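Open your viewer and get your selection tool ready. We will take a short walk from stop to stop, with something to pick at each one.

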There are 2 protein chains.
Amino acid sequence: MPTIKDVAREAGVSIATVSYVLNDKTQAISAETRARVWAAAEKIGYRANVTARSLRSSQSRLLGYAWHEIAPEQSNTVLDRFSYALARAAEAAGYYMLTFTAPEDDPIPVYEELIRTGRVDGFIVGSTVRDDPRIRFLIEQKFPFVSFGRANETWDFLWIDTDGEQGVGAAVDYLVGLGHKRIAMAAWPEASLTGSFRVAGYFAGLKRAGIDLNPAFFIRGENDEVAGHDACAAWLDLPPKERPTAVIAISDVVAIGVMYEAERRGLTVGKDLSLIGFDDAPMAAYLRPALTTLRQPIAEIGAALVTMLDEAIKGNQPPQRHVLMPPKLVLRYSCGVAPKS
Amino acid sequence: MPTIKDVAREAGVSIATVSYVLNDKTQAISAETRARVWAAAEKIGYRANVTARSLRSSQSRLLGYAWHEIAPEQSNTVLDRFSYALARAAEAAGYYMLTFTAPEDDPIPVYEELIRTGRVDGFIVGSTVRDDPRIRFLIEQKFPFVSFGRANETWDFLWIDTDGEQGVGAAVDYLVGLGHKRIAMAAWPEASLTGSFRVAGYFAGLKRAGIDLNPAFFIRGENDEVAGHDACAAWLDLPPKERPTAVIAISDVVAIGVMYEAERRGLTVGKDLSLIGFDDAPMAAYLRPALTTLRQPIAEIGAALVTMLDEAIKGNQPPQRHVLMPPKLVLRYSCGVAPKS
DNA sequence: CTGTTAGCGCTTTCAC
DNA sequence: GTGAAAGCGCTAACAG
């Protein structure tokens, strides 16, 4: 690989001059010299060695993102889209993504190692939980990072999140507009922070419509098909007149459980029961009926996170310290209405 | 961040000694000094700066992996599992993964840039196609890389691939064992190299069972649901006695199309028609009936690729220059047989 | 057994 | 306008 010395020799100038020209530094260099340097660099195919540049500038131009353990069963439904968006945005901002893995139960040492060795300039933290230890650690270290997801109302840090409350609220509004009055929700455990926002949207939506919450219509469970099954079974055990006519599932996976249980009992989803999921997981479009669901603006979030992090790394104050992005209600067939296309 | 100088000062030795001790170099250092250095390093929390080390050793300890554009519709079904496996294996071997994006139509410049700037020590190339230009380029550059997938029989490079031929062959054997004689296949276009191996397995399997190929039972199409629909429709248009009783789809997505078309026509998959897919995509388990499919040993492949690449980077000859890994037939309900466990 | 020293390739201050 | 030289933090050849 040619180095800056080779270019200097080729152009008949000093390496300092080469550096000035190629980095377009505000240093008075004659147009003639500039041209010679560029020509020489081009000729021998010179590209600056990033390691040397990193050492000099103490910047790795690498952004860290942790790839979480994927349970053999449920491959995460949106992580790949998110990673892709991150990589794209990072490259546009002059970084590359360093993806690493960290054990769920003790992630801190890995983050610490990456910081101490100077591997990365900042982190993008995803899949946050309430009081997320990674976030606590990074705040404490004063190391640049941004988070996809909230963690604790009293902590001050940069984050972007999907507005689950707004999204589920819009889903309720949509169902109410379709004439539904008995709307149920299959939610996550109370411990889930992300879940709590979505649930708040459910409550708020009902209130807006003047519908009193029927406690039987609100059931919590894990993020799996079984939880959907169980919730749906409980609702269908109710006398016909008291059953919900529409269900909002807190995720597509849960929605699938609801759907199969309803069909197992002879109901037709989209006709006898309307159903809305959350995530727009790849399988949502493949279900029959195709699932109406709330799609998170993953690509936009990824891009915005990188921009935010870039500012933080530069020591600037981003225009907004956190932003809530509304999900989009993707209309398909599980509410009995054909999408407009 | 403390540097090697700080450790040297703290321990009262030279920086060279610190380097020797911490890197466990075969340099005679007294046990007493070793202990002092370790203690000093521990005390001030020293971790070697990787950039400086990289510059010195001209090794980035970074492995590049391209994240391909993901169509909004079909999020790739196994890529996230693969990336995770790669990251895990890389870390175990002392690397981190640098994930980047490259335009499908002109990926070379990105690879070139990464090489020229010294960003990565090697590449893992995935989603290969016949005569893959990236592979041609990397061979020509003599830059270390390994490939998940084959590209051209006459090129010599390191690769690991799923043995699609063996897998589909095993699927045919399984169906034959179940008593099927009229076994159809929904394949990809002839241009697909990966597809050609799977197809070869179909032909070989039939031959083993002494079944003559019925040309009507072999239909090619794209990798989407529509292709499955179309193939299935063509088969169901045949007189009942001439229809296939079992179908092997070249991917789970195609299998879904077959399944829906069959059910739309009133057939029950798993009873009237047996169906096997390929990939074990996340949605395969969620279909009703859950899809019997061939699961690629993604995690093993990722780990083996990294090991292979590590050898190549070190300039060693890996024990095997290419390996074929058999997929596993995951028994579910789409062939009318309940899985054992 | 331990220390001195020469770089790795680059950026940037300071001279000229 | 341009160049000499220091130095980012580390490794390793060589001296002592």
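Before you start clicking, keep in mind that this is a predicted model.

**Stop 1: DNA strand C**

Select DNA strand C and show what lies around it. You will find 27 residues surrounding the strand, and the closest are Thr3(A), Ile4(A), Ala16(A), Ala52(A) and Ala16(B). Now colour helix 2 (15-22) and helix 4 (50-57) in chain A, then helix 2 (15-22) and helix 4 (50-57) in chain B: these are the elements that give two or more residues to the surface near the strand. Which helix gives the largest share of the surface near DNA strand C? Helix 4 of chain A does, with five residues. If you colour this surface by residue class, you should see 13 nonpolar, 10 polar and four charged residues.

**Stop 2: the two copies**

Next, hide the DNA and look at chains A and B. Chain A is superposed on chain B by a rotation of 180 degrees, with 0.0 Å of shift along the axis and an RMSD of 0.1 Å. The two copies are therefore related as by a two-fold rotation axis. To find your way to that axis, select Leu98(A): of the residues of chain A, its C-alpha comes closest, at 2.3 Å. The same surface serves both copies, since 98% of the contact residues of chain A recur in chain B.

**Stop 3: where the chains meet**

Stay with the pair and select the contacts between the chains. Here 43 residues of chain A are in contact with 42 residues of chain B. On the chain A side, the elements that give two or more residues are helix 4, helix 5 (79-92), strand 2 (96-101), helix 6 and helix 11 (252-264). Click on helix 5 of chain A, which gives the largest share of this side, eight residues. By class, the side of chain A that touches chain B has 20 nonpolar, 12 polar and 11 charged residues.

**Stop 4: a pair of helices in chain A**

Finally, select residues 108-116 (helix 6) and 133-141 (helix 7) of chain A. Their axes come within 10 Å and cross at roughly 30 degrees. Angles under 35 degrees count as roughly parallel, so helix 6 and helix 7 of chain A are roughly parallel to each other. The crossing of these two helices is right-handed. Show the side chains that make the contact: Ile108(A), Tyr111(A) and Ile115(A) from helix 6, and Pro133(A), Arg134(A), Phe137(A), Leu138(A) and Gln141(A) from helix 7. Six of these residues are nonpolar, one is polar and one is charged.

Notes:
Residues numbered from 1 in each chain as written. Chains lettered and ligands numbered in written order. Predicted model: local features only at pLDDT ≥ 70, side-chain atom pairs only at ≥ 80, totals over all residues. Near = placed C-beta within 6 Å. Helix = DSSP H or I, 4+ residues; strand = E, 2+ residues; numbered from the N terminus. Nonpolar A, V, L, I, M, F, W, Y, C, P; charged D, E, K, R; others polar. Least-squares fit on C-alpha atoms with pLDDT ≥ 70 in both. Contact = placed C-beta atoms within 7 Å. Axes fitted to C-alpha atoms, helices over the stretch in contact; angles between N-to-C directions. Parallel < 35°, antiparallel > 145°, perpendicular 65-115°, else oblique. Left-handed = near helix turned anticlockwise from the far one by under 90°.
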